[in-house]
Amino acid sequence: MSSEPLDRDTLLSLYHGYLDCLNAQDWARLGDFVHPEVTHNARPLGLAGYQAMLEGDHRAIPDLHFRAETLVTDPPVIAARLRFDCTPAGTLFDLPVNGRRVTFDEHVFYRVTDGRIREVHSLIDRDAIAAQI
């Protein structure tokens, strides 16, 4: 793909496809949305490491569902506030949730390069989880 930034509509379409992929746990398609050299919070994970992280998230939170409450694009950047309403099985972000239902937000910025998500910068509202347990 071209290294030119995608337009807003194309970024939105890419992101909605990415969320659908995560929610379906369709790991065979993850590379359609995520760059092979993806980083997460400045850690170089690569596609395999990123997929392993997401698979771990789904194991820790069996009812995990990614839902964008706020979504903004400024090519080549996507900014989202994701809302989670879920029941983690055990410890989550070093907090003993242990099967209690919690709601929390993730604020995340993505940089798209060559038509795929290349950088992910994420901040989880850990305090919201702590207040519910």
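**Exercise 1.** Is Phe-93 buried, partly exposed or exposed?

*Solution.* This is a predicted model, so let us work from its computed values. Begin with the cut-offs: buried means under 20% relative accessible area and exposed means over 50%, with partly exposed in between. The relative accessibility of Phe-93 is 34%. Phe-93 therefore counts as partly exposed.

**Exercise 2.** Which aromatic pair do Phe-93 and Phe-104 form, and what parts does the pair tie together?

*Solution.* Start with the whole structure, where a search finds six aromatic pairs. In the pair of Phe-93 and Phe-104, the ring centres are 6.1 Å apart and the planes meet at 85°. Planes over 60 degrees apart count as edge-to-face, and that is the label for this pair. Next, place the residues: Phe-93 sits in the loop between strand S5 (91-92) and strand S6 (95-96), while Phe-104 belongs to strand S7 (residues 102-113), so the pair joins parts 11 residues apart in sequence. As for cover, Phe-104 has 3% relative accessibility and therefore counts as buried. Finally, ring pairs link Phe-93 and Phe-104 with Phe-66 and Phe-84 in a cluster.

**Exercise 3.** Why does the radius of gyration of the chain agree with a compact globule?

*Solution.* Take the expected value: for 133 residues, a compact globule would come out near 14 Å. The chain has 15 Å, which agrees. Now add the box: along the principal axes, the C-alpha atoms fill roughly 45 × 25 × 25 Å. Buried residues account for 36% of the 133.

**Exercise 4.** How many helices and strands does the chain have?

*Solution.* The tally is three helices and eight strands. Read from the N terminus, their order is α-β-β-α-β-β-β-β-β-β-α.

Terms used: Residues numbered from 1 in each chain as written. Predicted model: local features only at pLDDT ≥ 70, side-chain atom pairs only at ≥ 80, totals over all residues. Heavy atoms only, no water. Helix = DSSP H or I, 4+ residues; strand = E, 2+ residues; numbered from the N terminus. Rg over C-alpha atoms; globule rule 2.2 N^0.38 Å. Buried < 20%, exposed > 50% of the residue type's maximum accessible area, 1.4 Å probe, protein only. Phe/Tyr/Trp six-rings, centres within 6.5 Å; stacked < 30°, edge-to-face > 60°.
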